[in-house]
Structures are given as structure tokens and as C-alpha cells.
Amino acid sequence: MANKIWHLKDNQVTPESVFKDRRNIIKALGLTSIGVGLPSQVQAGIFDLFKSAPEFQGKPMNFKQPPQFQSKELLTPYNKVTQHNNFYEFGTDKADPHQRAQSLRVDPWSVSISGEVDNPLTLDLDDLRNQFEVQQRIYRLRCVEAWSMVIPWVGISLADVIKKAQPNSKAKYVAFETLFDPQQMPGQSNRRLGGGIEYPYVEGLTIEEATNELSFLALGLYGKTLPPQNGAPVRLVVPWKYGFKSIKSIVSIRLMEQRPPTTWNRLAPHEYGFYANVNPEVDHPRWSQATERRIGEGGLLSAKRIPTEMYNGYGEQVAHLYRNLDLKRNY
Ligand SMILES: Nc1nc2c(c(=O)[nH]1)N[C@H]1C(S)=C(S)[C@@H](COP(=O)(O)O)O[C@H]1N2
Ligand SMILES: [Mo]
């Protein structure tokens with residue numbers, strides 16, 4: 001079976017037509033939908049056919065640059081931001097999302113804002129771009145795995161979006177959900193590819209966190225619309241928290257009275273908490289969080305190790321949210 005797939009790839013189709021004729025190839029292989037019912041090794045082989053999908057071309061965006069969200073820090077190069085990713089819906093290797101996510105349909109798209117609100121909303125991409133002030137914000141992103149980047153995001157204030165939906169007095173938490181579409185996101189129907197996560201990927205914040213000035217819905221980076229591997233067309237960015245809180249490709253934002261379940265907490269509750277605030281003094285059970293590798297030019301191993309800052313350096317904006325919280329227990 002695997003041989004047949006590679007034969008088809010090498011001799012019958014050019015990389016570009018592989019991409020264009022995705023449906024036909026699936027048919028030619030006698031599959032009803034991508035990979036269903038095949039051993040995972042073979043499924044991975046099928047997805048490798050699509051590695052050569054043309055690179056997503058972002059569209060230039062217009063944006064303001066509020067001075068408080070700019071920075072003179074050295075930016076992580078575009079090719080690192082877009083080729084070293086965590087997006088388990090497309091596989092667990094850092095290179096997988098760039099290789100496998102290019103054909104994700106990111107337009108049309110809509111996000112619903114529902115739950116404990118007086119004004120439930122469904123926003124499409126034009127609504128997100130036109131009803132809110134689009135800004136560039138340069139934020140550090142600190143992954144719980146102890147690597148970090150500096151990324152110039154383009155997007156909108158989450159607080160502005162939530163305000164528009166008019167939360168009622170029961171709204172204590174905000175729950176987020178990624179698109180669930182196993183046809184497009186192979187990891188969602190293949191436990192090996194998807195890292196054993198229960199999909200859809202879900203995340204949550206308290207309402208105070210979600211309406212903090214830093215909480216951001218990114219629609220782009222480096223001045224252009226978001227590449228699929230970075231969570232197109234709309235993803236959360238909460239820069240004082242570990243990267244796994246910054247959920248990608250969001251379709252639902254729900255205001256809730258109860259704390260919602262969150263993906264990594266559900267998978268390994270002793271390793272990943274609900275808060276997940278960056279904290280150099282509270283180690284992960286399996287590694288230190290005191291330092292991080294700042295990814296720049298060169299590979300991950302050549303990346304410079306620097307001290308990790310409390311709240312990833314955003315304490316001025318967010319420390320008051322946690323004044324009465326035991327941060328060791330509430331990791
Ligand atoms: N839906 C979804 N969102 C996700 C993830 C994921 O696997 N699926 N990974 C998270 C993790 S662990 C990190 S570090 C960041 C990575 O964002 P980046 O690839 O844009 O740097 O996305 C977060 N959002
Ligand atoms: Mo992460």
C-alpha cells in the first residue's frame with residue numbers, strides 16, 4: 001500500500017497537481033475520505049503527498065501601531081515563526097504544521113460568541129477586520145516547552161469583541177474552541193498524528209483575563225493575514241501565559257458561569273494547569289522553567305538561553321489579577 005502511494009507520487013503527478021487534485025488522488029487510492037481506516041503509518045504517507053502544497057500567501061493588512069504594544073526587541077525571523085509550530089491537529093513535530101496545514105480553508109470563516117451574553121454574535125472575517133480597530137502588537141511567546149519567540153502580530157483586542165456581545169452578570173469565564181474538521185485536520189482522527197489529544201482543542205480564561213488589555217485575537221503576523229500553521233484565520237494570543245493557552249483557528253467563544261475544561265489540563269492535569277501563567281519559579285514536573293531558548297536565526301539548538309521572566313515580562317499589566325492566588329498550587 002505504501003509503495004503504491006509513493007509510486008503515484010513519484011511517477012504520475014507533479015507536486016503542484018498533487019495539491020490541486022487532492023480529491024482525485026484520494027479517490028484513486030480507493031479511500032472514501034482521507035486516510036480513514038488505514039494504519040497510521042500509511043495515513044502519514046498520504047499526508048506527505050500534500051507536503052508540497054503551495055505556501056500560503058498572506059494578504060497585506062492595514063493596522064495601527066499603538067506605542068505601548070510596540071517593542072525594540074529582536075523579532076524572530078518570519079521563517080522560524082511559520083516553520084516551527086505547535087498545532088497538533090496537523091501532527092506533533094514542529095515542522096508538521098507548516099508541511100500539512102497549507103491547504104486549510106481559512107476563508108470563509110466565522111466565529112460565534114455565545115453563552116452568558118445579552119447580544120450573541122456571529123462574526124465573519126470582514127466583521128472581525130472592520131468592526132474593530134486592527135493593531136500591530138509585538139509580543140513575546142513563551143512555550144511551556146521552554147522555547148520562545150518575539151512575534152509582530154496583527155489583530156484586535158479580545159476585550160472589544162467580548163464587550164460587543166454584552167456579557168451578563170453570570171459571565172465568569174470565557175471558553176474557546178478550535179475548528180473540528182478531521183477531513184482538514186488529520187490529527188483529529190488519528191491519535192498518533194494528533195498526539196492523543198481529545199479534539200476539538202479547547203481553552204479558557206477568566207473574564208478578567210479575557211478582558212485584560214493584553215488579550216488579543218490575532219488575524220495576522222508580519223503585516224499579513226495569518227498562515228494556517230499559526231492558527232488562521234483567527235487565534236488567541238495571551239502573552240503572559242504559556243503558549244498552549246493561545247488557541248488557534250477559533251470558531252467559538254462562549255461566556256460561561258463555570259470554569260470550562262482546557263485541552264492540556266484534561267490530558268495531564270499534574271503538568272498543565274488552568275492558569276498556565278509563565279513563572280520561572282514554578283517548574284514543570286519534568287523540566288525547569290527558569291530559562292528558555294530564544295529562537296532566532298539558526299536552529300533550535302543554537303538558540304540562546306535566557307532567563308524566563310515572571311508573567312513573561314508582562315507583570316505590570318497582569319500581576320494584579322493574581323494578587324490573592326497561590327501560584328504554586330494554581331500553575
Ligand atoms: N488548536 C490548537 N491551538 C494551539 C496548539 C495546538 O496544538 N492546537 N498549540 C499551542 C501551543 S503548545 C503553542 S506553543 C502555540 C504555538 O503557536 P505558534 O505555532 O503560532 O508559534 O499554539 C498553541 N495553540
Ligand atoms: Mo506550547
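Q: Helices here are DSSP runs of H or I with at least four residues, and strands are E runs of at least two, both numbered from the N terminus. Where does that put Ala276?
A: In the loop between H10 and strand S11, which covers residues 291-294. Keep in mind that this is a predicted model. The protein chain has 11 helices and 12 strands.

Q: What makes Ala276 stand out in its backbone, and is the residue buried or exposed?
A: Phi is positive, at about 55°, although Ala276 is not a glycine. Its relative accessibility is 3%, and buried means under 20%, so Ala276 counts as buried.

Q: Which class does Gln166 fall into by accessibility, and why?
A: The value is 42%. Partly exposed is the range between 20% and 50%, so that is the class Gln166 gets. Gln166 has a positive phi too, near 55°, and is not a glycine. You'll find Gln166 in the loop between helix H8 (158-165) and S5.

Q: How do you know that the peptide bond from Tyr199 to Pro200 is cis or trans?
A: Look at omega: near 5°, and the bond is cis. Pro200 sits in the loop between S5 and S6. The bond from Ala232 to Pro233 is also cis, with omega near -5°, and Pro233 lies in the loop between strand S8 (224-225) and S9.

Q: Why is the pair Arg266 and Glu198 called a salt bridge?
A: The closest N and O atoms are 3.7 Å apart. The cut-off is 4 Å between a side-chain nitrogen of Lys or Arg and a carboxyl oxygen of Asp or Glu, so the pair qualifies. In general, side chains of opposite charge can pair when their charged atoms come close. The structure holds 11 salt bridges.

Q: What makes the Arg266 and Glu198 pair a link between parts of the chain?
A: Arg266 is in helix H10 (residues 263-267) and Glu198 is in the loop between strand S5 (173-178) and strand S6 (202-206), so the bridge ties together parts that are 68 residues apart in sequence. With a relative accessible area of 34%, Arg266 itself is partly exposed.

Q: How do you know that Glu203 and Lys245 form a salt bridge?
A: Their side chains meet at 2.7 Å, N to O, which is within 4 Å, so the definition is met. Glu203 belongs to strand S6 and Lys245 to the loop between strand S9 (235-237) and strand S10 (250-256), so this pair joins parts 42 residues apart in sequence. Both Glu203 and Lys245 are buried.

Q: What puts Glu292 and Arg294 in the buried or the exposed class?
A: Glu292 has a relative accessible area of 2%, and Arg294 comes in at 18%. Buried means under 20%, so both qualify. Their side chains form a salt bridge at 3.5 Å, N to O. Salt bridges that share partners join Glu73, Arg140, Arg142, Glu292 and Arg294 into one network.

Q: Which residues does Gln229 touch, leaving aside its neighbours within four places in sequence?
A: Gln229 is in contact with Glu55, Thr82, Asn85, Phe87, Pro97, His98, Ala101, Gln102 and Lys248. Gln229 lies in the loop between S8 and S9 and is buried, with a relative accessible area of 1%. C-alpha to C-alpha, Gln229 and Lys248 are 8.8 Å apart, with their positions 19 residues apart in sequence.

Q: Why does the approach of the Gln229 side chain to the backbone oxygen of Thr82 count as a polar contact?
A: The distance is 2.9 Å; the limit for N or O pairs is 3.5 Å, so it passes.

Q: What makes the atoms of Tyr88, Ser246 and Lys248 polar contacts of ligand 1?
A: Take them in turn. A backbone N or O atom of Tyr88 is 2.8 Å from a ligand oxygen, a backbone N or O atom of Ser246 is 2.9 Å from a ligand nitrogen, and a polar side-chain atom of Lys248 is 2.7 Å from a ligand oxygen. The cut-off is 3.5 Å, so each one counts. Taken alone, ligand 1 exposes 540 Å², and the protein buries 98% of that.

Q: Which residues come nearest to ligand 1, and what classes make up its shell?
A: Of the 16 residues around ligand 1, Asn85, Tyr88, Glu89, Ser246 and Lys248 come nearest. The shell has seven nonpolar, six polar and three charged residues.

Note on methods
Residues are numbered from 1 along each chain as its sequence is written. Chains are lettered from A and ligands numbered from 1 in the order in which they are written. This is a predicted model: local features need pLDDT of at least 70, side-chain atom pairs count only at pLDDT 80 or more; totals for chains, interfaces and linings use all residues. Side-chain values use heavy atoms; hydrogens and water are left out. A residue is near a molecule or strand if one of its heavy atoms lies within 4 Å of it. A polar contact is a pair of N or O atoms within 3.5 Å; within protein, one must be able to donate a hydrogen and the other to accept it, and residues adjacent in sequence count only if both atoms are side-chain atoms. Accessible areas come from the Shrake-Rupley method with a 1.4 Å probe; for residues, only the protein chains shown count as cover. Ala, Val, Leu, Ile, Met, Phe, Trp, Tyr, Cys and Pro count as nonpolar, Asp, Glu, Lys and Arg as charged, and the others, Gly among them, as polar. Buried means under 20% relative accessible area, exposed over 50%, partly exposed in between (1.4 Å probe, protein chains only). Contact means heavy atoms within 4.5 Å.
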